[in-house]
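User: I'd like to go through a few labels on this model and see what backs each one up. Can you take me through the reasoning?

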Amino acid sequence: MADLSKDNHTQTRLKGSLGTGSIVFMVIAAAAPLTVVGGNAPIIFASGNGAGAPVGFVIASIVMLMFAVGFVTMTPHVKEAGAFFSYVTLGLGQRMGLGTAFLALVTYTAIQAGIYGYMGWAVNDFVHHVLGGPLIPWWVYTFASIALVAFLGYRHIDLSSRFLGIALVLEIAVVMVTDLAVLWHGGAHGINADSFTPHEALLNGGLGVAILFAMTGFIGFEATAVFRDEARHPEVTIPKATYLAVIIIGVFYTFSTWALVIGNGVNQVGSVAQQTLDGNANLIMDTAQVYAGSVVRDSMQVLLLTSLFACVLSFHNVLTRYKLNLSKQGSLPVKLSHIHHHHHSPSFASLVQTITAVVIMCACVLFKLNPLVQVFGYMAGISTLGIVLLMLLTTLAVLRFFKQNPALVKGKQWHTRIAPNMAGIMLLTCLWLVLDRFTMVTGGSIEISIALAAVPFIAFIIGALRGKPSCPTVAIPQKHTV
């Protein structure tokens, strides 16, 4: 590990030349697309609207696009690379902004902790059942993953982006090979569009569950703005990366879940998904085996692990940059704003985030929590509620910002008022869905679920009560060419 004493204490901004593609790779990696298709999709098929699951992802994509319109329109006016909290500070005030910052820290830390638990279990299962190795405690692999994330996260962002780009291309490729193989062979009962008919999408019930779990598959796309200081021409790069991330993720999820319906049959996919949840089958792996062969299935098992690792690395990078920007504003200790003289990374914030992850996972081990059902399930509950609250607060900030700056609204009614209002209504509906079905998300008892649901709200209140950081200034948009 490099010597922290050599940090350049005078450098206050990160540097980099990330293009649109690099940023898109990092935020899609945070969404862990293979994990969503293999994990979220069976839940939707079994507990949601069955074969109509692809419609859930279509609706979730529309919600995200509506949110992205206002988010992207406000981006040129936000000078700081703080993502949600910078937008909320500028639109709703300093206290609301700091509350949002603490909410974001808790939300992303919960996502990372949950995936660390999932990854420890997944690697252990792979080593034991696939490689024939010994069955050892899951947390051994979890702490090994934390160490590797610490190594990459401490260094320049380009190193992480290269790894994430390769991992993402491979995991999307293996799923697409399976999808295309299903269509090539005509599926179980022929190719059809039954998933998109009112009967399957709406009349089977469970559409709310489908939308809820589809929404969780997009967590992380908004982090494009966190990499503003390291982006090439951010006024152009950040908006393009945001829209591309939403569209790519949405199309991929919709197409892949539809392929799973075709591959298993409209009337059978729900029962196969239930068997997957019961541990007696594996929807995505078994489909790959039948239509694409054992090589693709085996590759998919390995790439599931890289997908999980890419996810925790991506959120590590997001969290360290959140802490750096909060430190620069005086809301966290100044040491967190130090940037490494050689790696040009938020090195101390990276170390702190690594220590945070170690402490959380040690607590999970101490309390003997199940890595999949409890660590991942509980953290998924906190992060799902947190991300919906963050997007709702940001949407309100967008509406208020443009209301207070009418000169910026001229000719942009759709971007500054109509789309953000639509996004706000949709997100309020999503918030109700999350709270109404929170025990389903966490997998815990009603008492545990209530305690977990309180965490994001408590984090927001603590942040709002801490004081008033400096407010991001409005940046005059500059025209650039990519």
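Analyst: Sure. Keep in mind that this is a predicted model. Going by the distance rule, the count comes to two salt bridges.

User: What makes Arg 297 and Asp 286 a salt bridge?

Analyst: Their side chains come to 2.8 Å, N to O, and the cut-off is within 4 Å, so the pair qualifies. This one links distant parts of the chain: Arg 297 sits in helix 13 (residues 294-328) and Asp 286 in helix 12 (residues 283-292), eleven residues apart.

User: Why is Arg 297 called buried?

Analyst: Buried means under 20% relative accessible area. Arg 297 has 19%, so the label fits. Its partner Asp 286 is at 30%, so that residue counts as partly exposed.

User: How do you know that Arg 437 and Asp 436 form a salt bridge?

Analyst: The closest N and O atoms are 3.1 Å apart. That's within 4 Å, so the rule is met.

User: And what makes Arg 437 and Asp 436 partly exposed?

Analyst: The class runs between the 20% and 50% cut-offs. Arg 437 comes in at 23%, so it's partly exposed, and Asp 436, at 46%, is partly exposed as well.

User: How do you know that the span of helix 3 agrees with its number of residues?

Analyst: Helix 3 (residues 53-74) has 22 residues, and at 1.5 Å a residue it should span 32 Å. The end C-alpha atoms are 33 Å apart, which agrees.

User: Why call helix 3 mostly covered?

Analyst: In helix 3, 18 of the 22 residues are buried, each with under 20% relative accessible area, so "mostly covered" it is.

Definitions and conventions: Residues numbered from 1 in each chain as written. Predicted model: local features only at pLDDT ≥ 70, side-chain atom pairs only at ≥ 80, totals over all residues. Heavy atoms only, no water. Helix = DSSP H or I, 4+ residues; strand = E, 2+ residues; numbered from the N terminus. Buried < 20%, exposed > 50% of the residue type's maximum accessible area, 1.4 Å probe, protein only. Expected span 1.5 Å × (residues − 1).
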